[in-house]
Amino acid sequence: MKTTIIAWSTDQIELLRHSAVNEGYDVVQTILREENSILDDLFSQIIGEVLITECATSQHLKDIAGLEKFIKEFPTKEIVLLTPERPAEVMIAAMQAGVREVLLMPLVNNDFSDALHRLSQRKKSPPSEPLQRAKRVVFLSCKGGSGATFLGTNFSYYLSQKIGLNTIFLDLDLHGGDAVYYVSPEPGKSNITDITRQIERLDTKLLASSVLHVAHNFDLLSAPEDSEFSYTISPSQLERLVEIAGMSYDMVVMDVDRVMSPLTTQALDMADVIYLVMESLLPFLRDAKRLVAKCRALGYDDNKLRLIVNRYEKNDIIDLAQIEKVVGLKVNHTIASSFQDVAQAINTGVSILQVNPNNEIVETIQEMTREFQPAKSTKPVSWINRLMGK
Ligand SMILES: Nc1ncnc2c1ncn2[C@@H]1O[C@H](COP(=O)(O)OP(=O)(O)O)[C@@H](O)[C@H]1O
Ligand SMILES: [Mg+2]
C-alpha cells in the first residue's frame, strides 16, 4: 500500500520507513516536520492510502482535530498515529476522529509492525457481517388437513420472492408428502431420499444439482413419489443435509410427518421456530394440546412455538380465547379461509401470491415472515468498545 510518513527527525523517518517496507508497505513519500508546524498544512502533500504520522508533543489535540478533518475528506485513508503520550483524552479524541491505530512512543517490541500488519489485514478483508447460520423452521400439522403443507410452501415462496431470502424447502413427509405440487406443476427429477442415500458425498454442489428450482431463490427437495415403498432418512442424515443446506441458503423450511418419528423429532430439535397448524374445531384442539405437551416434553421452550389457526372465521363457535386456554399457547396468527383462490393455486401448482397477491392469506404470510426479515443495518461496533473488548 502506498504510504506517506511524517516525523520530527530524519532518524525517526528512517526507522519507520525501514519497518514499513519490511511489512510490505510502499513508502512513496516522507515529510520531515518542522518545529511549530501545523499538521493541517502538510495534508495537501500526502499521497497514498496510508499515513503514518508523529503527533506534536504539546498540541496533540490540535493535531488530532486536523486529522479528523483529513479523514472526513478522505475516509478511505488509514492513519497510524504515533504519540509520545497516550492519556485517555488523546485516545478518545483519536477514536472520535477515526484514527484506528494509536501507538505510544518510543515504540517497543513489535508495536509498530503489529499495527501495520493489522492494518493490511483489515484492508485485505473489509469487515463483513458475521456469518449467520441459516434459520430453520418446521411446519407441523396438528391433524391431517390442517394446512401445514399449504402454509409451509407458500411461506417459503413469499420469503424467497418478497423478502429475498434464499430458501430451501425439505419435504420430510416421506410417505405421501406432496408439497412440491403446491408450488410447482412438475415434480423434481430427484427426491430427498436420493440425496440422503449418498450423504457421504453430499456437498453444496451436489445439493444444488439435485434440488428442484421452483423460482428464483426458491429450491425444493420433494418427498418420494411412491409412498408405498418404505423410505427412511436417519436423524444424522437429516442433520448433515440441513447443515450443508445452511451453507448455501438463508432459510431451511421443513415439512414433517406428524407422527413423532425419530426423523420428525430431529427436524423439530434443529428448528429455530416450529409452526403448529390447527383449525378451530374440537378434534384439532385436542391434537394441538397433545402436540404442545409433546414439544414441551422434548424440552422446547414455548418461545420456539408459533400457534397458527387456519381457516379461521371471526364467528367460529370456538374463539381464540378458548383455543389459547385449551392448547395452553397464545395464538400467533389466524389464517382466513379462502376456498376459491387456494383451490386455484393448488390446482395449477402455483403459490397463492401468484394467484391473488391481495388475498388476505398473503397478508398473514407476510406477517409470519416479518421475524425473519434481515435487519436493515447493523450498528457497527465502535472502535473504543472493540478496544475495551466489549
Ligand atoms: N386457508 C385455507 N383456505 C382454504 N383451503 C385451505 C386453506 N388452508 C389449506 N387449505 C386446503 O386444505 C387442504 C389440506 O391442506 P394441507 O396443507 O395439505 O394440510 P396438512 O399438510 O396439514 O395435512 C389442501 O387442499 C389445502 O389447499
Ligand atoms: Mg402435509
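These legends go with several close-up views of a predicted model.

**View 1. An open sheet of 5 strands, paired in parallel.**
Follow the strands across the sheet and you will meet them in the order β2-β1-β3-β4-β5. Strands β2 (26–32) and β5 (101–104) sit at the edges; each has a single partner strand, so one side of each lacks a neighbour in the sheet. From one strand to the next, the twist averages 15 degrees.

**View 2. Strand β4 beside β5, with helix α3 packed on the sheet.**
Strand β4 (residues 78–83) runs parallel to β5, and 4 bridges join the two. To get your bearings, look for Thr83, which stands opposite Leu104 in β5. Helix α3 (residues 60–73) packs on the sheet, where it touches β3 (50–54) and β4. The direction of helix α3 makes about 175 degrees with that of β4.

**View 3. A salt bridge between strands β1 and β2.**
Side chains of opposite charge can pair when their charged atoms come close. Here Lys2 pairs with Asp26, and their closest N and O atoms are 3.4 Å apart. Lys2 belongs to strand β1 (residues 2–7) and Asp26 to strand β2, so this pair, 24 residues apart, links distant parts of the chain. Lys2 counts as partly exposed at 44% relative accessibility, and Asp26 is also partly exposed, at 35%.

**View 4. A salt bridge within helix α3.**
Back on helix α3, Lys72 forms a salt bridge with Glu68, with 3.7 Å between the closest N and O atoms. The two residues are 4 residues apart, about one turn of the helix. Are these side chains buried or exposed? Lys72 is exposed, with a relative accessible area of 65%, while Glu68 counts as partly exposed at 28%.

**View 5. A salt bridge between two loops.**
Arg133 and Asp272 form a salt bridge whose closest N and O atoms are 2.8 Å apart. Arg133 lies in the loop between α5 (111–124) and β6 (135–141). Asp272 lies in the loop between α11 (262–270) and β11 (273–279). The pair links distant parts of the chain, 139 residues apart. Arg133 is partly exposed at 46% relative accessibility, and Asp272 is partly exposed at 26%.

**View 6. A network of salt bridges.**
Which residues take part in this network? Lys143, Asp287 and Arg290 are linked in it. If you would like to go looking for others, the structure holds 14 salt bridges.

Methods
Residues numbered from 1 in each chain as written. Chains lettered and ligands numbered in written order. Predicted model: local features only at pLDDT ≥ 70, side-chain atom pairs only at ≥ 80, totals over all residues. Heavy atoms only, no water. Pairing = 2+ DSSP bridges. Axes fitted to C-alpha atoms, helices over the stretch in contact; angles between N-to-C directions. Contact = heavy atoms within 4.5 Å. Salt bridge = Lys/Arg side-chain N within 4 Å of Asp/Glu carboxyl O. Buried < 20%, exposed > 50% of the residue type's maximum accessible area, 1.4 Å probe, protein only.
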